[in-house]
Amino acid sequence: MGNIDKGCKKAYNKAIEYGLCDKDLNERFEFRNIRSEEAEQAAEIEQICFPPNEACAKSTMIERATVAPDLFLVAIDRETGKLAGFLNGIATDEYLFRDEFFTDAGLHDPAGNNVMLLGLDVLPEYRGQGLAREIVFRYLRREQARGRKKVTLTCLESKVNMYTKMGFCDRGISGSTWGGEQWHEMDYALNI
């Protein structure tokens, strides 16, 4: 077990001790990096969770999972073995979100100080149980332990309140026009 894994386990135990994570969800789901054989399943889930104009192309999702599997966090239902949801991103030293992050996995810099989140996907049958929140919180703790400075995402107006409750700051309208939509750019400071 590497230092990051040991650190994450220690942080997880403290989170349970202080009531900062959902113990039931952590018993029901396994949280880990994506495996190469799960990339196509992630691409299918993306098509279910996002409308066609916003969803990542299958080939792009597979490339992203190949180039940056350590920047995916998947939730696997322990009972069924099914991928229930995931969060993915790429690392960079850039500070502002741009649409090319969605389409060009080559922009991933493993040593980047910041993470640009590219999608939070939870299958409909797993929604309303706190799984999305748990995935995000675990992801933020993991990236903080890795020494990242900031995590940035874009979201529609309807999701701003959800991400604000998770600790993200709304920075206003993003320069991103992905899918022909108007997005809010939000960020979370980790190690500033």
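Let me begin with a charge and a ring: the charged end of R142 sits over the ring of Y139, at 4.7 Å from the ring centre, and I should say at once that this is a predicted model. A second arrangement of that kind involves R98, whose charged end lies over the ring of F101, 5.1 Å from its centre. F101 also belongs to a cluster in which ring pairs link it with F97, F102 and W178.

Turning to ring pairs in general, a search of the whole structure finds 8 aromatic pairs. In one of them, the rings of F29 and F31 have centres 6.3 Å apart and planes at 55°, and because edge-to-face requires an angle over 60 degrees while stacked requires one under 30, this pair counts as tilted. F29 is buried, with a relative accessible area of 0%, and F31, at 11% relative accessibility, counts as buried because the cut-off is under 20%.

F29 also pairs with Y126, here edge-to-face, with 5.7 Å from centre to centre and 70° between the planes. This pair joins distant parts of the chain, since F29 is in strand β1 (residues 29–32) and Y126 in the loop between β4 (114–122) and α6 (131–145), 97 residues apart.

What else is F29 in contact with, leaving aside its neighbours within four places in sequence? Besides Y126, the contacts are A75, I76, D77, R78, A84 and L131. In the largest nonpolar core, which has 44 residues, F29 and L131 are among the members that touch the most others, including also F86, L117, I135, Y163 and F168. Apart from that core lies another, of 8 residues, among them I90, M116, L118 and W178.

Terms used. Residues numbered from 1 in each chain as written. Predicted model: local features only at pLDDT ≥ 70, side-chain atom pairs only at ≥ 80, totals over all residues. Heavy atoms only, no water. Core = buried A, V, L, I, M, F, W, Y, C linked by side-chain atoms within 4.5 Å. Buried < 20%, exposed > 50% of the residue type's maximum accessible area, 1.4 Å probe, protein only. Contact = heavy atoms within 4.5 Å. Phe/Tyr/Trp six-rings, centres within 6.5 Å; stacked < 30°, edge-to-face > 60°. Helix = DSSP H or I, 4+ residues; strand = E, 2+ residues; numbered from the N terminus. Lys NZ or Arg CZ within 6 Å of the ring centre and 35° of its normal.
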